[in-house]
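Got your viewer open? Load the model below and follow along, one selection at a time.

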Amino acid sequence: MTGPVDLFGAEYSVYVRICRIVLAEKGVEYTLHPIDVFASDGPPQDYLDLNPFGRIPSLRHGNLVLYETDAITAYIDEAFDGPDLMPAGIQARARARQIMRLADTEIYRHLVWGVCVPSRENAAMPGLERAGLILGELQRLAGENWMAGDQVSLADAHVYPMLAYFSLVPEGAAKLAQFDRLAQWMEQMRELNSVIFSRFSEEKPSAGSL
Ligand SMILES: N[C@@H](CCC(=O)N[C@@H](CS)C(=O)NCC(=O)O)C(=O)O
């Protein structure tokens, strides 16, 4: 399928950033259309035509409109030239999918919404209690250099933005430092152009602290 690629969402969103990392790793040009789901009056009405649930991101390519990040990233990987972003081996692919699910069910819920978001309001961070379990398990499941397989994959793109927010919180950074392979993986990810290009505003050198 041909046609322009349009991504709808906000730069602050972890799920939008996952898609941006994947688009950049594939070398796909796209236009990012800003949609602020947390605006006081909610997302614009015409965005709800793309995603009636009002969540970001959504992707439009030709006449295909998709929402749900794992569907979007799998589509980008399969529809465009560029490096394969799923490992070749069946077991490594299974591991990549498992890690992506784990990111949605545990990391996003407990380490982003249970740590990063409350930290901005100086509120208690209930997710910190679960951080050791989550990070320990993630480190156990992860491959030697990348999350799954021997090169960057959709799983790396899925996990990084969530842990980037977590590591911006001092307590989160301290927890991550206890998991040496994960900490090293974070450093390696920070050097990818796709990750640099999609940095959250808080990660940019001029940013103040959260
Ligand atoms: N399951 C969705 C989750 C997307 C999601 O939760 N996005 C957040 C921003 S990072 C959002 O739109 N939140 C607004 C809301 O839930 O109303 C996906 O994989 O794309």
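Start with the largest pocket, which holds about 690 Å³ of space. Keep in mind as you look around that this is a predicted model. To centre your view, select Ser13, Val14, Tyr15, Phe38 and Tyr108; of the 32 residues lining this pocket, these are the closest to its centre.

Next, colour the helices around the pocket. The elements that give two or more residues to its lining are H1 (14–26), H3 (69–79), H4 (90–120) and H6 (154–168). Which of them gives the most to the lining? That's H4, with eight residues. If you colour by residue class instead, the lining of the largest pocket splits into 16 nonpolar, six polar and 10 charged residues. Colouring by domain is worth a try too: domain 1 (5–79) and domain 2 (90–193) each supply at least three residues to this lining.

Stay where you are and show the side chains of Tyr15 and Tyr108. Their ring centres are 4.8 Å apart and their planes sit at 70°, so this is an edge-to-face pair. Tyr15 belongs to helix H1 and Tyr108 to helix H4, so the pair ties together parts that are 93 residues apart in sequence. Now switch on a surface. Is Tyr15 buried or exposed? Tyr15 has 15% relative accessibility and counts as buried, because the cut-off for buried is under 20%. Tyr108, at 23%, counts as partly exposed.

That pair has company: a search of the whole structure turns up eight aromatic pairs. Select Tyr12, Phe38 and Trp113 and you'll see a cluster linked by ring pairs. Phe38 should look familiar, since you picked it a moment ago as one of the residues closest to the centre of the largest pocket.

While you have rings on screen, go for two arginines. Arg17 lies over the face of Phe200, 4.5 Å from the ring centre. Then pick Arg120, which lies over the face of Tyr165 at 5.0 Å from the ring centre.

On to the second largest pocket, with about 180 Å³ of space. Select Asp70, Thr73, Ala74, Asp77, Glu78, Met86, Arg93, Arg97, Met100, Arg101 and Leu154 to light up its lining. H3 and H4 are the elements that give two or more residues here, and H3 has the largest share, with five. Colour by class again and this lining shows four nonpolar, one polar and six charged residues. Why does the second largest pocket lie between domain 1 (5–79) and domain 2 (90–193)? Because both domains give residues to its lining.

For the last stop, hide the surface and look inside. Rolling a probe the size of a water molecule over the atoms shows where empty space is left. Searching the whole structure for cavities of 30 Å³ or more gives how many? One. The space in this largest cavity is about 50 Å³.

To find the cavity, select Gln139, Ala142, Gly143, Glu144, Asn145, Trp146, Met147, Arg181, Leu182 and Trp185, which line it. Helix H8 (residues 180–190) provides the largest share of that lining, three residues. By class, the cavity lining has five nonpolar, three polar and two charged residues.

How values were computed:
Residues are numbered from 1 along each chain as its sequence is written. This is a predicted model: local features need pLDDT of at least 70, side-chain atom pairs count only at pLDDT 80 or more; totals for chains, interfaces and linings use all residues. Side-chain values use heavy atoms; hydrogens and water are left out. On a 1 Å grid over the protein atoms alone, a cavity is a set of points where a 1.4 Å probe fits but cannot get out, and a pocket is an open set with protein on both sides within 12 Å along at least five of seven lines; lining residues have an atom within 4 Å of a point. Grid points are joined across faces, edges and corners, and a volume is the space filled by probe spheres set on the points. Helices (H or I, at least four residues) and strands (E, at least two) are DSSP runs, numbered from the N terminus. Ala, Val, Leu, Ile, Met, Phe, Trp, Tyr, Cys and Pro count as nonpolar, Asp, Glu, Lys and Arg as charged, and the others, Gly among them, as polar. Domain bounds come from an automatic or database domain assignment. Rings of Phe, Tyr and Trp (its six-membered ring) pair if their centres lie within 6.5 Å; planes under 30 degrees apart count as stacked, over 60 as edge-to-face and the rest as tilted. Buried means under 20% relative accessible area, exposed over 50%, partly exposed in between (1.4 Å probe, protein chains only). A charge sits over a ring if NZ of Lys or CZ of Arg is within 6 Å of the ring centre and within 35 degrees of the ring normal.
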